[in-house]
Every structure is written in C-alpha cells, then in structure tokens.
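Trainee: Could you take a close look at a single part of this model with me, and follow it outward in one connected account?

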Amino acid sequence: MRDTESSIRVVFFDAADTLFHVKGSVAEIYLQYAVQYGFSHTQESLPAIKQAFSRAFREAPPPIFAATEPAQLKQSERLWWFDVVHNVFYRVGMFERFDDFFDRIFGVFEDPGSWSLFPEVLSTLTSLKASGMELGIISNFDSRLFPVMRGLGIADLFDTITISSLAQAAKPATKIFQLALDKHAVDPEEALHVGDSLREDVEGAEKAGLHAVLLDRQGTAQRSGVRTIKSLDELMPLIERLAGG
C-alpha cells in the first residue's frame with residue numbers, strides 16, 4: 001500500500017460478488033438444475049459440488065480467447081464454461097442429460113433475475129458520479145455481464161466495461177488493468193480499483209500501479225497492510241482521505 005500524490009479520477013469495480021451476487025449459492029443453483037435433468041444427489045452432493053468447482057477453477061486456463069467476432073467469442077466463452085462444469089460433474093457424478101442441463105444452466109446466469117444488487121450499490125455509484133468520478137468495470141466475467149448489468153439497472157452508470165474475454169487478458173494480469181486505464185486516458189495513480197479478491201483485484205491492481213481496496217463483506221481478510229472495507233458505503237470517505245494525502 002502506498003500514499004497518493006494526486007486525486008482519484010476513476011473508480012473501477014469488480015462485478016460479481018462486489019456489485020451484485022447470485023440469489024442463493026452457485027453450488028445450490030447447479031445442484032437444483034442438475035437434479036431436474038437426472039443427476040442423482042445425496043447429502044454429500046452440495047459440499048462435493050462446491051469442492052469440485054474450486055478445483056475446476058484452479059485447473060482451468062484463464063478465460064482468454066483468440067476470437068474477436070461476437071458470435072465466435074460467445075461460443076468460446078460457452079465452451080470454456082462447458083469444460084469447467086463438465087469437470088465438476090465428472091467428479092461428483094455424470095448424468096445422461098448433461099448437455100441439456102448445461103444449456104439451461106448457462107442461460108440461468110445470463111438472466112438478471114438470478115442476481116441481486118448489494119443494498120448500497122446504487123447509492124454509492126450515484127454519489128461517485130455526482131462527485132465527478134468516472135466509473136468502470138474490470139471483470140473476469142464473460143459477455144453475459146452486459147445483459148445482467150442492464151437488467152439490474154446499473155449499466156448506464158458506468159463509462160467503461162472491461163472484461164477478460166474481450167480484453168484477451170484476465171485479472172490479475174497487468175494488461176487488463178492497463179487497457180481499462182487507457183479507455184479513460186488516466187495514469188495508474190489516478191485510479192482506484194475495488195473488488196472482493198485479494199489476488200485478482202488487490203494484488204493485480206497494485207502491480208499495475210493502481211490504488212486498490214479489498215471489499216471484505218464477511219470480515220475474514222487475513223492480510224495486513226491492505227485497504228479494506230466491509231461495505232461500499234465506506235468508499236466515498238476512503239477516497240476523500242486518499243485525496244487529502
């Protein structure tokens with residue numbers, strides 16, 4: 001962590017689990033729909049799915065694709081997720097109608113109705129805009145982010161949205177942060193990034209030269225020396241302190 005010598009002009013946010021969250025838990029939703037398509041579940045299924053997802057994400061390559069044409073890009077995103085979800089159910093129990101299940105579940109997470117804004121998000125974003133801040137998204141979410149944000153009513157509050165599959169770089173890589181900075185024509189020290197991941201958001205942003213804030217809603221962060229907030233309500237006062245030096 002370092003002190004600032006200039007005012008913050010742009011505030012970037014992570015998306016999922018920072019601005020909005022899935023209704024229920026990801027593992028519960030996958031289990032719910034898998035059962036509808038023939039998955040045989042037991043009492044151990046839910047924890048097994050959670051564990052399998054953690055392993056599948058660790059083993060998966062970054063969501064970076066060579067495709068740039070929209071239809072091809074969406075197909076690449078879908079195939080990436082297919083491999084992740086197939087990896088999960090290969091470990092916890094495959095079932096005959098898996099392909100039909102995947103078609104359904106992939107659409108579920110594109111539906112804004114599957115997501116909810118955190119309570120303080122709209123007021124925080126509105127206050128930041130009123131103060132003259134530019135706002136951006138830097139996310140490893142895929143292109144389904146766009147309909148989700150539109151449906152949640154926050155898309156128009158953001159000046160830019162930078163996602164890994166379009167940037168051909170994923171957090172914590174410096175490249176995705178630099179691409180986002182370039183869209184606003186600002187230097188790294190003029191930008192602040194807020195997110196819930198210590199590795200992807202805080203360490204990635206700081207390595208790229210941005211100021212960073214960890215959003216730790218549960219109060220479980222272990223690392224000292226990191227600017228941390230439990231709610232986005234705390235963001236404006238923190239920015240004012242940064243601007244004061």
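Mentor: V11 stands opposite L192 in strand 6, and this pair is a good place to start in what is a predicted model, where local features need pLDDT of at least 70, side-chain atom pairs count only at pLDDT 80 or more, and totals for chains, interfaces and linings use all residues. Residues are numbered from 1 along each chain as its sequence is written, and side-chain values use heavy atoms, with hydrogens and water left out.

Strand 1 (residues 10-13) runs parallel to strand 6 (residues 191-195), and four bridges join them; strands here are DSSP runs of E with at least two residues, helices are runs of H or I with at least four, and both are numbered from the N terminus. The two belong to an open sheet of six strands in the order 5-4-1-6-7-8, with parallel pairing, where two strands pair if DSSP finds at least two bridges between them. Strand 5 (160-163) and strand 8 (228-229) each have a single partner strand and stand at the edges, so one side of each is left without a neighbour in the sheet. Helix 10 (residues 235-243) packs on the sheet, where it touches strands 1, 6, 7 and 8, contact meaning heavy atoms within 4.5 Å. The direction of helix 10 makes about 150 degrees with that of strand 6; axes are lines fitted to C-alpha atoms, for helices over the stretch in contact, and angles run from 0 to 180 degrees between N-to-C directions.

The loop between strand 1 and strand 2 holds D17, whose phi is near 70 degrees, a positive value in a residue other than glycine. Most residues other than glycine have a negative phi. D17 is also one of the residues that lie nearest the centre of the largest pocket, together with A16, F57, W81 and E200, in a lining of 46 residues. A pocket, on a 1 Å grid over the protein atoms alone, is an open set of points where a 1.4 Å probe fits, with protein on both sides within 12 Å along at least five of seven lines, and lining residues have an atom within 4 Å of a point. The volume of this pocket is about 1500 Å³, taken as the space filled by probe spheres set on the points, which are joined across faces, edges and corners. Among the elements that each supply at least two lining residues are strand 2 (20-22), helix 1 (26-36) and strand 7 (211-215), while helix 2 gives the most, with four. By class the lining has 23 nonpolar, nine polar and 14 charged residues, where Ala, Val, Leu, Ile, Met, Phe, Trp, Tyr, Cys and Pro count as nonpolar, Asp, Glu, Lys and Arg as charged, and the others, Gly among them, as polar.

Helix 1 and helix 2, both part of that lining, pack at an angle of about 120 degrees with their axes 9 Å apart. Their contact is made by A27, E28, Y30 and L31 of helix 1 and by S45, L46, I49, K50 and F53 of helix 2, which divide into six nonpolar, one polar and two charged residues.
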